[in-house]
Amino acid sequence: MTDTFSPASRAIFAKNVLAHVASLDADGAPNVTPVWVELDGEDIVINTALGRAKARNLAADARVAVSLTDPDDPSIVIAVRGTVVVFTTEGADEVIDRFAKKYLNVDSYPMRREGEIRVTVKIHPDRISTQPA
């Protein structure tokens, strides 16, 4: 059984909040990266570029953890353990542009590198913890 996000948790995801995604390297070592984030139903959506450690890790091992802290009240924390359920380049440029609008208030992601291939990752929560409960 999976948990679902409360309305209060959904409101935090809607803010300009950075999430921290923990993935596992090939040798099992943890890797944590700050990312832009949104919800799609019950799934967490992030975007990265192929070739980056987080992309390699999430493609190889679907286990992931995500945490975020309410930027307006750092005592409110959401921690998620989940599974990668989508890993795709299809539509990924549009997703990073949507994130750029949310986080930078620009229409197009300004930090694209030539030849960069974007990838969208959807994470389905297996367990959601919030503080305070």
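**Exercise 1. The nonpolar core**

Find how many residues the largest nonpolar core of this predicted model has, and which of them have the most contacts inside it.

*Solution.* Begin with the size of the set: the largest nonpolar core has 28 residues. Within it, the residues with the most contacts are Val-37, Ile-44, Ile-46, Val-66, Leu-68, Ile-78 and Ile-123. Next, ask which elements supply these residues: helices H1 (7-14) and H3, together with strands S1 (19-24), S4 (43-49), S5 (63-69), S6 (77-88) and S7, each provide at least two residues of the core. Helix H3 gives the most, with 5 residues. As a general background, nonpolar side chains in soluble globular proteins tend to be buried together.

**Exercise 2. The surroundings of Ile-44**

List the residues that Ile-44 touches, leaving aside those up to four places away in sequence.

*Solution.* Take the nonpolar partners and the charged ones in turn. Ile-44 touches Phe-5, Phe-13, Val-37, Leu-39, Val-66, Val-80, Val-121 and Ile-123, and its list of contacts also includes Glu-38 and Lys-122. These last two names return below, where each takes part in a salt bridge.

**Exercise 3. Two salt bridges at strand S3**

Determine which residues pair with Glu-38 and Asp-40, and where in the chain the partners lie.

*Solution.* First, Glu-38 forms a salt bridge with Arg-98, and the closest N and O atoms are 2.5 Å apart. Because Arg-98 lies in helix H3 (residues 92-104) and Glu-38 in strand S3 (residues 38-40), this pair ties together parts that are 60 residues apart in sequence. Burial is then read from the relative accessible area: Glu-38, at 16%, is buried, whereas Arg-98, at 41%, is partly exposed.

Second, the side chains of Asp-40 and Lys-122 meet in a salt bridge with an N to O distance of 2.4 Å. Asp-40 belongs to strand S3 and Lys-122 to strand S7 (residues 118-131), so that this pair links distant parts of the chain, 82 residues apart. Asp-40 counts as partly exposed at 36% relative accessibility, and Lys-122 is likewise partly exposed, at 21%.

**Exercise 4. Other salt bridges**

Decide whether Asp-61 and Arg-63 are buried or exposed, and state how many salt bridges a search of the whole structure finds.

*Solution.* Asp-61 and Arg-63 form a salt bridge whose closest N and O atoms are 2.7 Å apart. Buried means under 20% relative accessible area and exposed means over 50%; Asp-61, at 19%, therefore counts as buried, while Arg-63, at 54%, counts as exposed. Elsewhere, Lys-15, Asp-70 and Asp-72 are linked in a network of salt bridges. The search of the whole structure finds 11 salt bridges.

Conventions. Residues are numbered from 1 along each chain as its sequence is written. This is a predicted model: local features need pLDDT of at least 70, side-chain atom pairs count only at pLDDT 80 or more; totals for chains, interfaces and linings use all residues. Side-chain values use heavy atoms; hydrogens and water are left out. A salt bridge is a side-chain nitrogen of Lys or Arg within 4 Å of a carboxyl oxygen of Asp or Glu. Helices (H or I, at least four residues) and strands (E, at least two) are DSSP runs, numbered from the N terminus. Buried means under 20% relative accessible area, exposed over 50%, partly exposed in between (1.4 Å probe, protein chains only). A nonpolar core is a set of buried Ala, Val, Leu, Ile, Met, Phe, Trp, Tyr and Cys residues joined through side-chain atoms within 4.5 Å. Contact means heavy atoms within 4.5 Å.
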